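Hi,

Here is the structure I said I would pass on. Have a look at it first, and my notes follow underneath.

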Amino acid sequence: MTSRLEKPSAFRKLVLVLFGLGALLCALALGALHTLPAYGQVLYTNGPLPSFEVATIKPAPNGLPPTPQGGSTVHLDFTPKIMIMYAYNLPAFSEERILNGAGWAEDTYYEIKGKISDSDYAAMQKMTPAEKNQQIQLMVQALLRDRLKLKVHLEKREETVYALEVAKGGVKLAPAQEGMPQRFGVTHQGQNYQLTANGVNLDHLAELLGRQPEIGGRSVVNKTGITGSYDVAMHWTRTGSAAAVPDDASTQDENAPSFFTAIEEQLGLRLATTKGQVDYVIVDHIEKPSPN
């Protein structure tokens, strides 16, 4: 079993991208539906931040992440670097876009429990799923600022990104059904994966695709020019991916397409490499967490 003092394993990174740390971060069963993030933009503000009513942080014990609490309690079990990645809304598997962090922030796992106040929790029930998720991210930012004395700034750098474009033959997306909640989930059996999304626009879809390990942490930008909301279903095989969860090879569907092939064949879209401006989070200061 991987030690807590080792660098994050591919399995633990995959846990982050698949389970998404949804709106209340309380559904960590594989395939659970969770809320959509905010269009792939880095979440950053110099203004006041919402905060947890009560929060504790301590080194995490050995073993797999504990079962999180439900309702108004948020439970995290990751390295500070991955928590920064979540709090500032960087794509999964993009830790290299966090610069100047201390070594222990990458190697040491911490357990965080945060209690949302009753008034804040009630207000969040009136928010959209994306707004709820953003509220939690800002609370985690406040916790990192207050307990780890985190200070950051952003820099833009030109890099290779993926442009989501219409493939030859046109899109193959079904218009969203009215009245359905906006949500998505990823399930798998062995190396066979299924992404199901309800009521997503193409900006959201670009963000969802960008959170899969096959993307390698690159940004995905919607360049389709298509508006409206759609219901999406896509299946693919993750065989050969360094980020894949080890599993019984007998469950592998040899006829399942690769990730990029599935996007083109099943969605009528494609990912083309291009150049674009990418946000980096520069760590100016961070300390080990203060005692509870």
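**What I found**

The accessible surface of the protein comes to about 13,500 Å², and carbon and sulfur atoms hold 49% of that. Bear in mind that this is a predicted model. The protein has 292 residues, of which 52% count as buried. Seven helices and eleven strands make up its secondary structure. If you take the contacts with a separation of 6 or more, 83% of them are between residues 24 or more positions apart.

Now for the strands. There is an open sheet of four, in the order E6-E10-E8-E7, with antiparallel pairing. Its edges are strand E6 (174–175) and strand E7 (183–189), each of which pairs on one side only. Helix H6 (residues 202–210) packs on this sheet and touches E7, E8 and E10. The direction of H6 makes about 155 degrees with that of E8. Inside the sheet, strand E8 (residues 192–200) and strand E10 (residues 230–237) run antiparallel and are joined by seven bridges. To find your way around that pair, start at Leu195, whose bridge partner in E10 is Met234.

Strand E5 (residues 151–166) is worth following too. E5 runs antiparallel to strand E11 (residues 269–285), and 16 bridges join the two. One spot to click on is Glu165, which has Arg270 in E11 as its bridge partner. E5 also pairs with strand E9 (residues 220–222), this time in the parallel sense and over three bridges. There, Tyr162 has Val220 of E9 as its bridge partner.

And what about the inside? The largest nonpolar core has 32 residues. Those with the most contacts inside it are Ile84, Tyr88, Ile136, Val140, Leu144, Leu150 and Ile286. Two or more residues each come from strand E2 (73–78), helix H2 (80–87), helix H3 (103–107), strand E4 (110–115), helix H5 (129–147) and E11. H2 gives the most to this core, with six residues.

Which residues does Val140 contact, leaving aside its neighbours within four places in sequence? They are Phe52, Leu76, Met83, Tyr86 and Ala87. Apart from the largest core lies another one, of 26 residues, and among them are Ile215, Tyr230, Val232 and Leu269.

Give me a shout once you have had a look.

Cheers

Key. Residues are numbered from 1 along each chain as its sequence is written. This is a predicted model: local features need pLDDT of at least 70, side-chain atom pairs count only at pLDDT 80 or more; totals for chains, interfaces and linings use all residues. Side-chain values use heavy atoms; hydrogens and water are left out. Buried means under 20% relative accessible area, exposed over 50%, partly exposed in between (1.4 Å probe, protein chains only). Contact means heavy atoms within 4.5 Å. Accessible areas come from the Shrake-Rupley method with a 1.4 Å probe; for residues, only the protein chains shown count as cover. Two strands pair if DSSP finds at least two bridges between them. Axes are lines fitted to C-alpha atoms, for helices over the stretch in contact, and angles run from 0 to 180 degrees between N-to-C directions. A nonpolar core is a set of buried Ala, Val, Leu, Ile, Met, Phe, Trp, Tyr and Cys residues joined through side-chain atoms within 4.5 Å.
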